[in-house]
Amino acid sequence: MGVLLECSGLTKRFGKREALKQVDLSVESGKIVGLLGPNGSGKTTLIKLANGLLRPDGGSIRIDGQEPGVYTKSIVSYLPDRMYFADWMRVSDMVRMFRDFYTDFRLETAEDMLERLEISGSERMKSLSKGTKEKVQLALVMSRKAKLYLLDEPIGGVDPAARDFILRTILTNYSEDASVILSTHLIADIEKVLDEVIFLKEGQVVRQDPVDRIREQEKKSVDALFREIFAVPMGAMDWDTHGREGER
């Protein structure tokens with residue numbers, strides 16, 4: 001399998017803060033990869049760079065051998081971590097928009113997923129719960145026949161009962177020559193579908209490994225390893241006698 005996403009010395013700054021620092025990584029096609037790290041580690045920045053929404057300040061990022069641009073946008077399906085549609089739109093309006101905008105959009109796939117989720121096309125987006133809106137977005141994103149799916153917190157706002165359906169949707173709607181990169185804090189919920197993980201900490205890759213290798217070498221789950229790597233030291237905070245947090 002070939003390399004689908006490759007970063008070399010990738011750096012991104014916001015003012016004086018470096019969100020990503022000399023990031024080197026590669027993702028092959030046919031993989032489901034967890035992009036994991038605490039808040040502020042650079043996950044969303046990396047995903048936006050891959051989607052062409054941001055430009056790097058140093059190094060390079062290539063998708064299918066090319067820098068983000070017109071071609072890469074045609075093969076990347078992106079789920080942002082925030083809602084991006086107008087409240088007045090109906091679900092059917094969203095479906096038509098995707099159908100008209102993306103040549104690789106599979107209408108039957110979208111309609112099937114929405115039916116399984118019991119979401120009517122006649123419903124207005126403003127009438128839906130946050131979790132249902134996120135389901136609509138994910139169904140549309142996964143209905144594209146893309147080469148790379150970039151999913152930023154795809155299950156963060158949905159109820160536990162819907163998570164298995166969403167993970168099955170991800171598993172069954174990408175092909176062998178495509179890859180899925182998903183960012184989430186709910187590691188235990190997604191670990192069973194992951195082939196590989198990338199741990200980001202303060203804008204740097206601290207580990208990239210297949211999930212099976214982690215289990216063999218570390219004798220622990222990805223969730224347990226994550227908690228170990230990103231554990232907050234017990235002495236990092238002091239509390240006064242009234243239970244108020246103090247500074248050190």
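**From one hairpin to the sheet and the cores**

In the hairpin formed by S8 and S9, where two residues lie between the strands, Glu-202 takes a positive phi near 50 degrees. Strands here are DSSP runs of E with at least two residues, and helices are DSSP runs of H or I with at least four, both numbered from the N terminus. The structure is a predicted model, in which local features need pLDDT of at least 70 and side-chain atom pairs count only at pLDDT 80 or more, while totals for chains, interfaces and linings use all residues. Residues are numbered from 1 along each chain as its sequence is written, and side-chain values use heavy atoms, with hydrogens and water left out.

Most residues other than glycine have a negative phi. Glu-202, which is not a glycine, has its positive value in the loop between S8 and S9, and with a relative accessibility of 54% it counts as exposed (buried means under 20% relative accessible area, exposed over 50%, and partly exposed in between, with a 1.4 Å probe and protein chains only). Glu-153, also not a glycine, has a positive phi near 55 degrees, and this residue is found in the loop between S6 and H6.

On either side of Glu-202, strand S8 (residues 196-201) and strand S9 (residues 204-210) run antiparallel and are joined by six bridges, where two strands are said to pair if DSSP finds at least two bridges between them. Within this pairing, Phe-199 stands opposite Arg-207 in S9.

The hairpin belongs to an open sheet of six strands, with the order S5-S6-S7-S3-S8-S9 and mixed pairing. Strand S5 (76-79) and S9 stand at its edges with a single partner strand each, so one side of each has no neighbour in the sheet. On average, neighbouring strands of this sheet are turned by 15 degrees against each other, direction ignored; such angles run from 0 to 180 degrees between N-to-C directions, along axes fitted to C-alpha atoms, for helices over the stretch in contact. Helix H9 (residues 222-229) lies across S3, S8 and S9, at about 15 degrees to S8.

At the edge formed by S5, the pairing with S6 is parallel and has four bridges, and Ser-77 stands opposite Tyr-149 in S6. Ser-77 lies in S5 and, at 1% relative accessibility, counts as buried. Its contacts (heavy atoms within 4.5 Å), leaving aside neighbours within four places in sequence, are with Val-141, Arg-144, Ala-146, Leu-148, Tyr-149 and Leu-150. Although Ser-77 and Val-141 are 64 residues apart along the chain, their C-alpha atoms are separated by 5.8 Å.

What lies against the buried residues of helix H6? In this helix, Ala-162, Arg-163, Phe-165, Ile-166, Leu-167, Thr-169 and Ile-170 are buried, and the buried residues pack against strands S3 (32-36), S6 (148-152) and S7 (179-183) and against helices H4 (107-116), H5 (130-142) and H7 (187-190). The length of H6 (residues 160-172) can be checked too, because the expected span of a helix is 1.5 Å times one less than its number of residues: its 13 residues should span 18 Å, and its end C-alpha atoms are 19 Å apart, which agrees.

In soluble globular proteins, nonpolar side chains tend to be buried together. A nonpolar core is a set of buried Ala, Val, Leu, Ile, Met, Phe, Trp, Tyr and Cys residues joined through side-chain atoms within 4.5 Å. The largest one here has 49 residues, with Leu-151 and Ile-170 making the most contacts inside it, and its largest share, six residues, comes from H5. Apart from this core lies another, of 24 residues, including Cys-7, Val-27, Val-33 and Ile-198. Not counting residues up to four places away in sequence, Leu-151 touches several others, among them Ile-47, Leu-79, Leu-138, Ile-170 and Val-180.

Aromatic rings complete the picture. Rings of Phe, Tyr and Trp (its six-membered ring) pair if their centres lie within 6.5 Å, and planes under 30 degrees apart count as stacked, over 60 as edge-to-face and the rest as tilted; by this rule there are six aromatic pairs. The rings of Phe-101 and Tyr-102 have centres 5.0 Å apart and planes at 80 degrees, so this pair is edge-to-face. Phe-101 is exposed, with a relative accessible area of 62%, whereas Tyr-102, at 25%, counts as partly exposed. Phe-199 and Phe-230 also form an edge-to-face pair, 5.8 Å centre to centre with 75 degrees between the planes. Phe-199 lies in S8 and Phe-230 in the loop between H9 and strand S10 (238-239), so the pair ties together parts that are 31 residues apart in sequence.
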